[in-house]
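Please open the model in a viewer with side chains available for display. The tour below proceeds by selection, with a description of what is found at each stop.

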Amino acid sequence: MEFVTLNTGVEIPMIGTGTNTYGKQDHNYNGDITGDTTELDAAIASGYRLIDTAIGYRNEAVIGAAVKKSGLDRSEFFLTSKLPGKEEYTASREAVEAGIAFSLEQLQTDYIDLYLIHHPWDDLDEIVSVWKVLEEYVDKGVFKAIGVSNFDERQLQYLLDNARIEPAVNQIQSHVGHWNHEVIAFGKQHGIVSEAWGPLSGVSDEARVKLTEIGKSYNKSWAQVSLRYQIQSGVVVIPKSHDAGRQKDNLELFDFELTAEEMAEVAAL
Ligand SMILES: NC(=O)c1ccc[n+]([C@@H]2O[C@H](COP(=O)([O-])OP(=O)(O)OC[C@H]3O[C@@H](n4cnc5c(N)ncnc54)[C@H](OP(=O)(O)O)[C@@H]3O)[C@@H](O)[C@H]2O)c1
């Protein structure tokens, strides 16, 4: 595993597992929670330690259970969760604190490695107010790092101008159908690590053919080339698969390197 150091000094693995359909009926995002930890057990056994969840996914308790079940020390894991950018969770200090308490309880932990605001909303000053509460939890050692998700350059800049603790991560949509180059570049300029959600989504047939062709000489699949492109660009990836074999394949990214020419080709897809 390779890591990137966040602006807090904390190291984040370059690859983690997404979970937004894990522990749910029919692997459906809106499905009932089954509590089944099968996908997470397999991911943890394969070596995933960064696990990405959110209050909005309703499955933090499934992640908490899988971590416990693994028998590994809590410190082995890098847990990320997210506070919804919804009034119910953001309207007051009490609302924010209740959300945080819920995450901690569901995850069965007394600290979270990275806590994000899941989505921005129109009132930037209100976002800053929520952020200030998150900062206090960094002070208390409950959060090791804080960040945001789905923020654009303007929203990031406003937060940078008003924050005491700058965001460590911006989790954004990034895949071959939508690389999000500009916000990633902005993050780099300001010491904010970009983390790709949906890193294997949005692949057209044409892009798949091109990625497959690039992967041939390395004996890698289109998916591995796509993920490698992102980590080689300094972007953390959190792919998800319900298949234990594909989960393993997605970790096999550190034994090959794309050439500058191939990087440019993938960037242009
Ligand atoms: N912050 C946000 O707003 C936000 C939004 C969306 C998602 N997320 C996070 O990002 C995570 C990842 O995104 P995602 O779950 O939408 O999609 P993803 O990781 O892009 O995966 C998309 C699909 O690709 C397939 N796949 C995985 N590995 C593969 C491989 N090696 N070869 C071929 N197909 C493969 C999987 O199907 P199989 O199961 O059949 O393998 C999966 O359903 C989420 O789980 C969630 O944690 C965050």
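Begin by selecting Lys82, which counts as buried because its relative accessibility is 0%, under the 20% limit for that class. Note before continuing that this is a predicted model.

**Stop one: the partner of Lys82**

Add Asp52 to the selection. The side chains of Lys82 and Asp52 form a salt bridge, with an N to O distance of 2.8 Å. Lys82 belongs to strand E4 (residues 78–83) and Asp52 to strand E3 (residues 50–52), so this pair ties together parts that are 30 residues apart in sequence. Asp52 is buried as well, its relative accessible area being 2%.

**Stop two: Arg74 and Asp113**

Next, select Arg74 and Asp113, whose closest N and O atoms are 2.9 Å apart in a salt bridge. Where do the two residues of this pair lie? Arg74 is in the loop between H2 and E4, while Asp113 is in the loop between helix H4 (93–107) and strand E5 (114–117), so the bridge ties together parts that are 39 residues apart in sequence. Both Arg74 and Asp113 are buried.

Now select Arg93, Glu97 and Glu136. These residues are joined into one network by salt bridges that share partners.

**Stop three: Asp41 and Lys69**

Move to Asp41 and Lys69, where the side chains meet in a salt bridge at 2.7 Å, N to O. Asp41 lies in helix H1 (residues 38–46) and Lys69 in helix H2 (residues 60–70), so the contact ties together parts that are 28 residues apart in sequence. Is each partner buried, partly exposed or exposed? Asp41 counts as partly exposed, at 25% relative accessibility. Lys69 counts as exposed because its relative accessibility is 56%, and the limit for that class is over 50%.

With these pairs displayed, the total for the model may be given: the count comes to 9 salt bridges. Side chains of opposite charge can pair when their charged atoms come close.

**Stop four: the largest pocket**

Finally, clear the selection and choose Asn20, Trp197, Gly198, Pro199 and Lys240. Among the 19 residues that line the largest pocket, these lie nearest its centre. The space in this pocket is about 370 Å³. How many residues of each class make up the lining? The lining of the largest pocket has 10 polar, 7 nonpolar and 2 charged residues. Colouring the lining by class will display this composition in the viewer.

Key
Residues are numbered from 1 along each chain as its sequence is written. This is a predicted model: local features need pLDDT of at least 70, side-chain atom pairs count only at pLDDT 80 or more; totals for chains, interfaces and linings use all residues. Side-chain values use heavy atoms; hydrogens and water are left out. On a 1 Å grid over the protein atoms alone, a cavity is a set of points where a 1.4 Å probe fits but cannot get out, and a pocket is an open set with protein on both sides within 12 Å along at least five of seven lines; lining residues have an atom within 4 Å of a point. Grid points are joined across faces, edges and corners, and a volume is the space filled by probe spheres set on the points. Ala, Val, Leu, Ile, Met, Phe, Trp, Tyr, Cys and Pro count as nonpolar, Asp, Glu, Lys and Arg as charged, and the others, Gly among them, as polar. A salt bridge is a side-chain nitrogen of Lys or Arg within 4 Å of a carboxyl oxygen of Asp or Glu. Helices (H or I, at least four residues) and strands (E, at least two) are DSSP runs, numbered from the N terminus. Buried means under 20% relative accessible area, exposed over 50%, partly exposed in between (1.4 Å probe, protein chains only).
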